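Here are some short exercises to work through with the sequence and the model side by side. Try each task yourself before you read the solution.

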Amino acid sequence: MAAMNEDNHHAAQRARMLLTQIAPNFLDPKHEWQRIFAELWGTFLLVLVAAGGPVAATSSGNHTGDALLPVAPGLMVMAIIYFMGTVSGAHLNPAVTLAFAIRRNFPWVRVPGYILAQVAGGWLAALFLGFMFGDGAVAAGLTLPGQEVTPLKALIIEVVLTAALVNTILGTSSGARNIGTNGAIAVGGYIALAGMWAAPVSGASMNPVRSLAPALVCGNTGLAWVYVAGPIAGALIGVVFEWILKGPPTTAGTIAAQGTLDIDDKEE
């Protein structure tokens, strides 16, 4: 009994230490517009790189860097986590936002705003690509099943890839030592690695917005369901696996999911 009480005391102490990292106005609704803008801008940049790489290569006829295209989204996500992860949590993906909410690290009331911002950011990126290269050229940025890969196989791959992505995100958000640098490297590295082996199979989207945005702009939405259903199902599985691996949600996970707006840094 004494050992149990001591463990509870240490757990409470750790929770208090983590909570002191949250600025006093961490949950102040007046800052929500900054978080929404961060999600819009971050998703814009992610879709610009993920879809824009193939679009630019096809439009220019220069394919010398094609082998590196699957790595680009991972590097962009890594950069985004570094420069604005503390503002909004850098979800950049409706599947990630849903995963954080189901995991109870993120309030459901804020989910619609985040998802609308992500959809808007991705759509604006696809429109920008259409303006620069023509709507028809945006087709090169679609995520589609590879040659001789059925939609069902592509769906299964997207489920598996997203489950592991969500595990990576939630896992590197569950302890104070993992917030920030380690999380950026782990998540960005995973996205790059997944793209390197799975892009020829399913496109390695793992993000409904990344796939829907260019599909809507070029009017090719026939297989969009694969890239909506797959990531959402994968996110649910990833949350279940996180419960199995680490149990209930943590305060550190909440900090990582919701951001701190860098207020602590500004006050120093």
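## Exercise 1: A charged cluster

R110 is buried, and E32 is buried too, where buried means under 20% relative accessible area, exposed over 50%, and partly exposed in between (1.4 Å probe, protein chains only). A word on the ground rules: this is a predicted model, in which local features need pLDDT of at least 70, side-chain atom pairs count only at pLDDT 80 or more, and totals for chains, interfaces and linings use all residues. Residues are numbered from 1 along each chain as its sequence is written, and side-chain values use heavy atoms, with hydrogens and water left out.

**Task.** Find the salt bridges of E32 and work out which residues they join into one network.

**Solution.**
1. Start with the criterion: a salt bridge is a side-chain nitrogen of Lys or Arg within 4 Å of a carboxyl oxygen of Asp or Glu. A search of the whole structure finds two.
2. Take R110 and E32: their closest N and O atoms are 3.1 Å apart, which makes a salt bridge. This pair links distant parts of the chain, since R110 sits in the loop between α4 and α5 and E32 in helix α2, 78 residues apart. Helices (H or I, at least four residues) and strands (E, at least two) are DSSP runs, numbered from the N terminus.
3. Now take R35, which forms a salt bridge with E32 at 3.2 Å between the closest N and O atoms. Because R35 and E32 are three residues apart in helix α2, about one helical turn separates them. Both R35 and E32 are buried.
4. Put the pairs together: through shared partners, the salt bridges join E32, R35 and R110 into one network.

## Exercise 2: The whole chain

**Task.** Describe the helix and strand content of the protein chain, then its confidence.

**Solution.**
1. Count the elements: there are 11 helices and zero strands.
2. Look at burial: of the 268 residues in the protein chain, 49% are buried.
3. Look at contacts, meaning heavy atoms within 4.5 Å. Among those with a separation of 6 or more, 82% come from residues 24 or more positions apart.
4. Check pLDDT, the predictor's confidence in each residue, from 0 to 100. The protein chain averages 86, and 83% of the residues score at least 70. Over residues 9-26 the pLDDT is below 50, and this stretch has 21 contacts in the model beyond near neighbours in sequence. Residues 262-268 also have a pLDDT below 50, with six such contacts.

## Exercise 3: Positive phi

**Task.** Compare the settings of L92 and R104: which counts as buried, and which as exposed?

**Solution.**
1. Recall the background: most residues other than glycine have a negative phi.
2. L92 is not a glycine, yet its phi is positive, about 65°. It lies in the loop between α3 and α4 (94-102). L92 counts as buried because its relative accessibility is 1%.
3. R104, again not a glycine, has a positive phi of about 70°. R104 lies in the loop between α4 and α5. With 58% relative accessibility, R104 counts as exposed.

## Exercise 4: The setting of N167

**Task.** Locate N167 and list its contacts beyond four places in sequence.

**Solution.**
1. N167 belongs to helix α6, residues 151-171.
2. Its relative accessibility is 18%, so N167 counts as buried.
3. Setting aside neighbours within four places in sequence, N167 contacts G238, F241, E242 and L245.
4. For G238 there is more detail: the N167 side chain reaches its backbone oxygen at 3.0 Å.

## Exercise 5: Helix α10

**Task.** How many residues of helix α10 are buried, and which ones?

**Solution.**
1. Helix α10 covers residues 251-258 and is mostly covered, with six of its eight residues buried.
2. The buried residues are A252, G253, I255, A256, A257 and Q258.
3. Just after α10 comes G259, with a positive phi near 80°.

Key: Polar contact = N/O pair within 3.5 Å; in protein donor to acceptor, adjacent residues only side chain to side chain.
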